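Okay, thanks everyone, I'll keep this short. Let me put the structure up, and then we'll walk through a few spots in it.

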Amino acid sequence: MSLNKQKRVALLTMFVALFVILLAVLLFAGTSISKKEKIGFIMTGSMEEEGWNGMHYEGVSAACKELKVELLVKENVKEFQGECAPAIEDLIKQGCKMIILSSYGYPEEVKAVMEQYPEVSFYCNSFEYHGDNITSYFSRMYQARYLAGIVAGMKTKTNEIGYVAAMPAIEVNRGINAFTLGVKRVNPDAVVTVAWSGAWDDEAEERKQADHLIKDVGVDVITYHQNQTYVAEEADNLGVYSIGYHQMLANGSDKHLTAVMCDWQLTYEAIIRQYLRGNASQNKVFWVGMDENAVKLADFSDEVTKDIQKEVQKATDEILMGQDVFSGVIYDNQGNLRCKENQVIRDEGLLEQFDWYVEGVEFYEE
């Protein structure tokens, strides 16, 4: 072989070797500097608090860890105080392409802001509006509310049951109605009296309204829809049966019968997986329920008899077999027929059209 030919072969070999090395470096570098997907999460309270906010943070944190994505949190962001929009914009600047608004009031406040960022997928807690980049998400908490109503309806002796609720939002109304349907299933003579606290977290007002229902109305079972357990605490202090929401009453007596619970980790895993698969906003509303083990009643106290547990299990089996809570003949508390025999109120109606209350719901007025 001539010297020139040997040089050409050596040079070609060197170029091939350099190319292989360069390709390996690029592949390795691409792998090593790849960034985790960033998920933004906005909440009204702190990560450390007990109750609604703490439960949601624990759930989304565990979900992000499981799915190996990075979680960026904005905590103590108050509703309707002009704080949510800056929180969204800061999360976007930090690289979040999915942002979860974990409180009901946020989306109404920042709807226009969300529309300004079509490249970002927003998931909003039980919001009634849907857009190209906006999905409403929630658990089918009403299924467990219905079961809780069965417990209350069978436990009451006065046929007077109390419900302290934050405000007449559709999410809240859905829970009131499901609970009352459960009550009426087992006790047609019972009445559910609702008292409004006006906020998600107002200890003085919640205790005050619980007192009114217990002392003025004479309820002997009470439940609530707020962030904390103040109503259950007040009921326990007064020796009245209570049913909790999203957590059991710590150190409560057996008068605290059970609680409506949600596994928020399963809920957040479901919506984050949808986003990661590129299917964000393909659903108007993203529900998870009892069929996915995301919703249930907490363990019963010793005051919940075997007969009550048997009736709850019967209703649970019906739901798991496909029978919807809001199905069959349903009248509202004004006497209007809202659902006919063999009909079901569909998800769109549950999400957007619950501005009415079922038969058996009354309201406390001071």
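So, to start us off: in which helix is the place of Asp211? That's helix H7, residues 203-217. Keep in mind that what you're looking at is a predicted model.

Let's stay on Asp211 for a moment. The residue is buried, and yet there's no salt bridge for it. Which side chain of opposite charge is nearest? That would be Lys215, at 4.3 Å, and the salt-bridge cut-off here is 4 Å. If you skip residues up to four places away in sequence, Asp211 touches Asp216, Glu234 and Leu238.

Okay, zooming out. The protein has 366 residues, and 52% of them are buried. Its secondary structure comes to 11 helices and 15 strands. And for the contact-map people: take contacts between residues at least 6 apart in sequence, and 69% of those join residues at least 24 apart.

Next, the packing. How many residues are in the largest nonpolar core? The count is 92, and Ile100 and Phe326 have the most contacts inside it. Helix H5, residues 141-155, gives this core its largest share, with nine residues. Then, apart from that one, there's another core of 22 residues, with Val110, Val113, Tyr117 and Phe127 among them.

Back to Phe326 for a second. Leaving out neighbours within four places in sequence, its contacts include Tyr142, Arg174, Leu181, Cys339, Ile345 and Phe354.

Now some strand pairing. How do strands S1 and S2 run, parallel or antiparallel? They're parallel: S1 is residues 38-42, S2 is residues 70-74, and five bridges join them. To get from S1 to S2, the chain goes through helix H2, residues 52-67, and this β-α-β crossover is right-handed. If you want one pair to click on, Gly40 has Leu72 as its bridge partner in S2.

Last stop, another aspartate. Where does Asp254 lie? You'll find it in the loop between strand S9, 241-245, and strand S10, 256-262. Why does Asp254 count as partly exposed? Because its relative accessibility is 38%, and partly exposed covers the range between under 20% and over 50%. Asp254 and Asp302 are 48 residues apart along the chain, but their C-alpha atoms are separated by 6.2 Å. Again skipping residues up to four places away, Asp254 touches Ser301, Asp302 and Glu303.

That's my tour, over to you for questions.

Definitions and conventions. Residues are numbered from 1 along each chain as its sequence is written. This is a predicted model: local features need pLDDT of at least 70, side-chain atom pairs count only at pLDDT 80 or more; totals for chains, interfaces and linings use all residues. Side-chain values use heavy atoms; hydrogens and water are left out. Helices (H or I, at least four residues) and strands (E, at least two) are DSSP runs, numbered from the N terminus. Buried means under 20% relative accessible area, exposed over 50%, partly exposed in between (1.4 Å probe, protein chains only). Lys and Arg count as positive and Asp and Glu as negative; His and the chain ends are not counted. Contact means heavy atoms within 4.5 Å. A nonpolar core is a set of buried Ala, Val, Leu, Ile, Met, Phe, Trp, Tyr and Cys residues joined through side-chain atoms within 4.5 Å. Two strands pair if DSSP finds at least two bridges between them. A crossover is right-handed if, with the strands pointing away from the viewer, the path from the first strand over the helix to the second runs clockwise.
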